[in-house]
Amino acid sequence: MNALKNTTQKSPTFYISHGHKPIAAHANGIYITANDGKRYLDGCSGAAVVQVGHSHPAVLAAMHEQIDQLQFSYRTQFENQPAIDLGYKIVAHMPPGLDRVFFVSGGSEAVESAMKLVRQYHFHRGEHERTIFISRLPSYHGSTLGALSLTGYQPLQKPFEGTYQLYPKIPSPTQYRIPEGHTAESHAIACANELETNILAIGAHRIAGFVVEPIGGASTGAEVPHNSYFPRIQAICKQYGIPLILDEVLCGVGRTGRWLAADYWQIDADVICLAKGLGAGYAPLAAIVAKDEMVETVLSNGGFMHGFTYAGNPLACAAGCAVLDVIDNEGLVENAAKQGEYLLAQLQQLSERFDWIGDVRGRGLLLAIEFADKASKTPLPNDWKVSQTITDMAYDEGLLVYPRKSLNGIAGDHILIAPPLIITHAQCDELLGLLTKALTTFDTHYQK
Ligand code: PLP
């Protein structure tokens, strides 16, 4: 076996950066242990993934049972029972009207699939000019070129200019940096009205759809829009006949204390993208859920011209079924709401100690700390690399948090705090203790 001898040795595999990390050896509940024996509290569920915690016995048992029976069958040759069962379980958690499920393996594939389903629907209705998607700035919708066309985060796009579409972006509302002369409500409405402005400028007959994260993930740092925002967005989409696509890849499946973040505003979407918490890290699993009329239009005109080999993989779907059962049976959506409220209050209190923490926000167990000058709300200097530095310091303390670099001055650096939905009150305190140490270290070494 070719095990890496130490963490500085070059590995044949690579990911986003050169950074050398210890090898993860095993994990249980909200903890993950490296092969050097050090234990980390998973304060961000990897990348907001591990909804039911690591090594949940019910999920492992369901996966063992499934792999003994059938590990793969191809969707054009066979249906498989776990995929059908998971389809029903997902639909049971959807708002009325969203009842057709298309499986994929990850969030970017889900977003691509939503775009292509909507586009093909327009095509069969003879609306050939409807090719332009509108999305928001900042936003993150994935790494593939279609999803990147929707993404509003320049550093990820720059090297690929010319290979993706330059779709229009409207501003994401913020409750933190409300522009002068606005209230939170009027600012949210003004941001929503930008959608109408774009539709009118481009022509509704050319718009394929509007794509939005109901509660921002890493892009906005858990920005929760004012309650006036989505009713206005909904009204504009209905008025101009624009399909509304919700990207619930990060904020869905109980993460925000409701099954869907969209449930906070009863949004009537045409397509919803789910990923991360659906497979909860047990298997690559994601889905789009769409309205029957859209799906039937596509299926009865020669079929959806899109699909992936691993779509609805039986092992992945068996894991997904078990994950959703655990979430329901253990009341994890309610727990996310309850522990999230406690964590948010504690983080807000903690933030008062540091004049370089500008904002603490979020819903349920999707929380963020934004680093900015408290008085002026100005983002901290780029060369402080504050979110990465604090993430590294937390790592040293044995706490995992999720960093995001500043968006060229529009917003400050932030970290996401998004632990598994099984977290207990005592474990929230443990997380807060470790985070306090990391923040204090930063304060001592970088600020004085
Ligand atoms: N959409 C949102 C809102 C996300 O947060 C992400 C990933 O972080 C994606 C899409 C892409 O998901 P994946 O990394 O599984 O492709």
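Q: In strand S3, which residue is the bridge partner of Tyr 31?
A: Strands of a sheet pair through backbone hydrogen bonds, either parallel or antiparallel. In this predicted model, the partner of Tyr 31 is Leu 41 of S3. The two strands, S2 (residues 31-34) and S3 (residues 39-42), run antiparallel and are joined by three bridges.

Q: How many residues lie between the strands in the hairpin of S2 and S3?
A: There are four residues between them, and Gly 37 of this hairpin takes a positive phi near 90 degrees.

Q: To which other strand is S3 joined, and in which sense do they run, parallel or antiparallel?
A: S3 is also joined to strand S13 (residues 399-400) by two bridges, and these run parallel. Here Asp 42 stands opposite Leu 400 of S13.

Q: How far can I trust the coordinates?
A: Where pLDDT is low, the predicted coordinates should not be read in detail. For the protein the mean pLDDT is 95, with 97% of the residues at 70 or more. Residues 1-5 stay under 50, and the model has three contacts for them beyond four places in sequence. The scores of the model are ipTM 0.99 and pTM 0.97.

Q: What is the order of strands in the open sheet of seven strands?
A: A sheet is read from strand to neighbouring strand. Here the order is S4-S10-S9-S8-S7-S5-S6, and the pairing is mixed.

Q: Why is one side of S4 and of S6 left without a neighbour in the sheet?
A: Strand S4 (98-104) and S6 stand at the edges and have a single partner strand each, so one side of each has no neighbour in the sheet. Direction ignored, neighbouring strands of this sheet are turned by 25 degrees against each other on average.

Q: Which pairs show what mixed pairing looks like?
A: Take S5 (residues 132-137) as a parallel example. Strand S5 pairs with strand S7 (residues 207-212) in the parallel sense over three bridges, and Ile 134 stands opposite Phe 210 in S7. S5 also pairs with strand S6 (residues 169-171) in the parallel sense, again over three bridges, with Ser 135 opposite Lys 169 in S6. For an antiparallel example, four bridges join strand S9 (residues 271-274) to strand S10 (residues 286-291). Cys 273 has Ile 288 of S10 as its bridge partner.

Q: Which helices pack on this sheet?
A: Among them is helix H9 (residues 292-299), which touches S4 and S10 and has a direction at about 95 degrees to that of S10. Helix H4 lies across S4, S5, S7, strand S8 (244-247), S9 and S10, and runs at about 25 degrees to S10.

Q: Is Val 118 buried or exposed?
A: A residue counts as buried if 20 or more other C-beta atoms lie within 10 Å of its own. Val 118 has 25 such atoms within 10 Å, so Val 118 is buried. This residue lies in helix H4 (residues 107-124).

Q: With which residues is Val 118 in contact, leaving aside its neighbours within four places in sequence?
A: The contacts of Val 118 are Ala 208, Gly 209, Pro 243, Ile 245 and Val 271. Separation in sequence and in space can also be set side by side. Val 118 and Thr 131 are 13 residues apart in sequence, and their C-alpha atoms are 9.5 Å apart in space.

Q: What is the order of strands in the open sheet of four strands?
A: This sheet has the order S11-S12-S15-S14, and its pairing is antiparallel. Its edge strands are S11 (357-363) and S14 (402-404), each pairing on one side only. From one strand to the next the twist averages 20 degrees. Helix H11 (residues 332-351) packs on the sheet and touches S11, S12 and S15, with its direction at about 175 degrees to that of S11.

Q: How many bridges are there between S12 and S15?
A: Strand S12 (residues 366-371) and strand S15 (residues 414-417) pair in the antiparallel sense over four bridges. Ala 368 stands opposite Leu 416 in S15.

Q: At what angle do helices H3 and H10 pack?
A: A helix pair is described by an angle, a distance and a handedness. H3 (residues 81-92) and H10 (residues 314-329) pack at about 35 degrees, with their axes 8 Å apart. Their crossing is left-handed. Residues making the contact include Leu 86 of H3 and Leu 324 of H10. The contact residues divide into eight nonpolar, one polar and two charged.

How values were computed. Residues are numbered from 1 along each chain as its sequence is written. This is a predicted model: local features need pLDDT of at least 70, side-chain atom pairs count only at pLDDT 80 or more; totals for chains, interfaces and linings use all residues. pLDDT is the predictor's confidence in each residue, from 0 to 100. Two residues are in contact if their C-beta atoms, placed from the backbone, lie within 7 Å. Axes are lines fitted to C-alpha atoms, for helices over the stretch in contact, and angles run from 0 to 180 degrees between N-to-C directions. A crossing is left-handed if the near helix is turned anticlockwise from the far one by less than a right angle, and right-handed if clockwise. Ala, Val, Leu, Ile, Met, Phe, Trp, Tyr, Cys and Pro count as nonpolar, Asp, Glu, Lys and Arg as charged, and the others, Gly among them, as polar. Two strands pair if DSSP finds at least two bridges between them. A residue is buried if 20 or more other C-beta atoms lie within 10 Å of its own, exposed if 12 or fewer, and partly exposed in between; C-beta atoms are placed from the backbone.
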